[in-house]
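User: I would like to go through the charged side chains of this model. Please start with the terms.

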Amino acid sequence: MDLFDRTEQARTGVGERAVLVHIDLPDAVGREDLDEFHHLVTSAGVIPEAQLLGKRDRPDPALFIGSGKSEELAALVRESEADVVLFNHSLSPAQERNLERAVKCRVLDRTGLILDIFAQRAATHEGRLQVELAQLRHLSTRLVRGWTHLERQKGGIGLRGPGETQLETDRRLLRDRIRAIEARLEKVRKQRAQGRRARDRSETPLISLVGYTNAGKSTLFNALTTGDVYVADQLFATLDPTLRKVRVPGVGPAILADTVGFIRHLPHRLVQAFRATLEETVNASLLLHVTDSSVDERSDNVAAVEEVLTEIGAEQVPVLHVYNKVDRLGMVPHIERNEEGLPWRVWISAQTGEGFELLFEAIAERLADRWVDRWLRLPPEAGRLRSRLHEAGEVLAEEAATDGGMLLRVHLNRVHFERLLREAGLREDQVRVPDPSVADTDTPSYNPERSHRAG
């Protein structure tokens, strides 16, 4: 049996019986939520047979729960005939090893459980690579547990003399495999970078959905894009990133990205492994931070997501908070604005579609500084500029002026607009019409009621 077969066996199997362990600790930073733990367990396909609860001032260095609780746990494992013990806490390799000896059963901590869910959800080649990388990094600190009987160097006829122990062999295999996966993921990052450069050239904004796991991001994504992303009442139902083109009223074409959900105390090694995926978040024009408004701990969930955004370097990306599932609260969809008058929170229901027009309105306002939406007066000699605007599909309406020029209503990306003006040798103040009434005064033939939509 090679190293990677043992890795697969270490995963929690679907349908296995488990004893759950949750200890209340005074440290608020390290405290975990029991209801969320149950949701994690069921999302992994495990059957919870029993649970052990308790309180401690601090974890026991050797057994985390102490010797007395360890004996109680061993009795629960025997009575329930459990296959695995799941801890709602992070355990050190020594604590896992000592607990397994005490309860005569496999022990997994919170990180191991999340890794198992990730392994079940990964559907794309990239997703599977990222999960395997996270698993191997996690396993590398726990190798000694499986090889205590092979600490000595290999012996026997033809095998005597200098050599490496089985543990050293496994560590070397792990290092080689981790390097190979990192090299393949680096190619993925370069491919993503090429895609981003193409989007930058077309000035298409990237809107990325982020949020706590099970907040309704994929439901919202499907509703906005008529996509088919997997949706379920499970934690980490979406693991692989999905990008779709969407047309936002008042903005035009945009790319909408659905990303993996975050969770409280998300292990650092998972964040590192999924950095290629999360780059879509770092490079976004706007983040839609989706929050389940119907849960009591929504403020804690928002804080957990913001912590991960800071860790990946996305804290400077503009954020619009989308409070989802207002239908469960009996609340009317609405927009909350900040001190500057910009949309800050939008309350909607992705399930029923209530508040979508408010969401589009808020997105358009937050991206307004990236777009030009106004009337222009083009001189007769600017025919090439007019043609370029029509070719780009950016002309909404136009009317002939009395001096032979044209009045155009345009909506386009500001970068694109400024580039077209430079190519035509014009400045914005030379072509801008402050208000249709001004145009009407300067050009008597102009009538906004008669202006037609450009085809």
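Analyst: Patches are made of residues with over 30% relative accessible area and no salt bridge, like charges being joined within 9 Å and nonpolar side chains (Val, Leu, Ile, Met, Phe, Trp, Tyr) within 5 Å. A salt bridge is a side-chain nitrogen of Lys or Arg within 4 Å of a carboxyl oxygen of Asp or Glu. The model is predicted: local features need pLDDT of at least 70 and side-chain atom pairs pLDDT 80 or more, while totals for chains, interfaces and linings use all residues. Residues are numbered from 1 along each chain as its sequence is written, and side-chain values use heavy atoms, without hydrogens and water.

User: Which residues form the negative surface patch?

Analyst: Asp and Glu count as negative, Lys and Arg as positive, and His and the chain ends are not counted. Each charge is placed at NZ of Lys, CZ of Arg, CG of Asp or CD of Glu. Areas come from the Shrake-Rupley method with a 1.4 Å probe, with only the protein chains shown as cover for residues. The patch consists of Asp35, Asp296, Glu297 and Asp300.

User: Is aspartate 35 buried or exposed?

Analyst: Buried means under 20% relative accessible area, exposed over 50%, and partly exposed in between (1.4 Å probe, protein chains only). Aspartate 35 has 62% relative accessibility, so this residue counts as exposed.

User: Which residues are joined with Arg337 into one network by salt bridges?

Analyst: Arginine 337 and glutamate 365 form a salt bridge at 2.9 Å, N to O. Glutamate 361 also bridges to arginine 337, at 3.6 Å between the closest N and O atoms. Through shared partners, Arg337 is in one network with Glu361 and Glu365.
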